[in-house]
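Reader: I'm new to reading protein models, so please take me through this one slowly and begin with whatever vocabulary I need.

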Amino acid sequence: MNKLLIIAHAPLASALRICALHVFPDLTHDLAAVDVSANLSSEASLMQALEAMSALDPANTCDVLVLTDVFGATPCNVAQKLVNSPGRKLIAGVNLPMLLRAATYRYETLEAMMTKALSG
């Protein structure tokens, strides 16, 4: 099963996670959120994201789709540093329909889940 990590400007990531858990309560351990605060450095935000990724996939055996809000902004720049290895993909422009479609297809391949998420 694939995992999902949302990295977005505060409080969007947490809000999207709460909405997704309302629809998919079984997603608790497979969906993490990192809210990037305006007062944190990008290095501190990266550390939070690395911790979230490690907690989400401690054995580094699952594929993870990272969703972020605005391409080129700090959350996306942080997220790009997490997807430089196999089994990690990134999509910018996250919204609730995209997240729900990704969650729906989390048992498919990472590429299939990405395609479905993009169509949401």
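Author: Helices, labelled H, and strands, labelled E, are runs assigned by DSSP and numbered from the N terminus, with at least four residues for a helix and at least two for a strand. Please also keep in mind that what you see is a predicted model.

Reader: Okay, so where is Asn 60 found in those terms?

Author: Asn 60 belongs to the loop that runs between H2 and E3.

Reader: Is Asn 60 buried or exposed there?

Author: Asn 60 is exposed, since its relative accessible area is 55% and the label applies over 50%. Its backbone deserves a look as well, because most residues other than glycine have a negative phi. For Asn 60, however, phi is near 55°, which is a positive value in a residue that is not glycine.

Reader: And the peptide bond from Ala 10 to Pro 11, is it cis or trans?

Author: That bond, from Ala 10 to Pro 11, is cis, with omega near 0°, and Pro 11 sits in the loop that connects E1 and H1.

Reader: Switching to the sheet: what is the order of the strands?

Author: The sheet is open and has four strands, arranged as E2-E1-E3-E4 with parallel pairing. E2 and E4 are the edge strands, each of them pairing on one side only. If you ignore direction, neighbouring strands of this sheet are turned against each other by 20° on average.

Reader: How many bridges join E1 to E2?

Author: There are six bridges joining these two parallel strands, E1 and E2. Along the pair, Leu 4 faces Leu 31 of E2, and Ala 8 is opposite Asp 35, which is also in E2.

Reader: Which strands does H4 touch?

Author: H4 packs on the sheet and touches E1, E2, E3 and E4, with its direction at about 165° to that of E1. H5 lies across E1, E3 and E4, and it runs at about 5° to E4.

Reader: What kind of unit do E1, H1 and E2 make?

Author: Together, E1, H1 and E2 form a β-α-β unit that is right-handed.

Reader: New topic, salt bridges: how many are there in the whole structure?

Author: A search of the whole structure turns up three. In one of them, Asp 30 pairs with Lys 3, and the closest N and O atoms are 2.8 Å apart. Asp 30 is in the loop between H1 and E2 while Lys 3 is in E1, so this pair ties together parts that lie 27 residues apart in sequence.

Reader: Is Asp 30 buried or exposed?

Author: Asp 30 is buried, at 7% relative accessible area, and Lys 3 is buried too, at 12%.

Reader: What about Asp 26, what does that one form a salt bridge with?

Author: The partner of Asp 26 is Arg 106, and 2.8 Å separates the closest N and O atoms. This pair links distant parts of the chain, 80 residues apart, with Asp 26 in the loop between H1 and E2 and Arg 106 in the loop between H4 and H5. Asp 26 is partly exposed at 48%, whereas Arg 106 is buried at 3%.

Reader: And which side chain does Arg 88 meet in a salt bridge?

Author: Arg 88 meets Asp 57, at 3.1 Å from N to O. Arg 88 is in E4 and Asp 57 in the loop between H2 and E3, which places the two 31 residues apart. Arg 88 is buried at 8% relative accessible area, and Asp 57 is buried at 5%.

Conventions: Residues are numbered from 1 along each chain as its sequence is written. This is a predicted model: local features need pLDDT of at least 70, side-chain atom pairs count only at pLDDT 80 or more; totals for chains, interfaces and linings use all residues. Side-chain values use heavy atoms; hydrogens and water are left out. A salt bridge is a side-chain nitrogen of Lys or Arg within 4 Å of a carboxyl oxygen of Asp or Glu. Buried means under 20% relative accessible area, exposed over 50%, partly exposed in between (1.4 Å probe, protein chains only). Two strands pair if DSSP finds at least two bridges between them. Axes are lines fitted to C-alpha atoms, for helices over the stretch in contact, and angles run from 0 to 180 degrees between N-to-C directions. Contact means heavy atoms within 4.5 Å. A crossover is right-handed if, with the strands pointing away from the viewer, the path from the first strand over the helix to the second runs clockwise.
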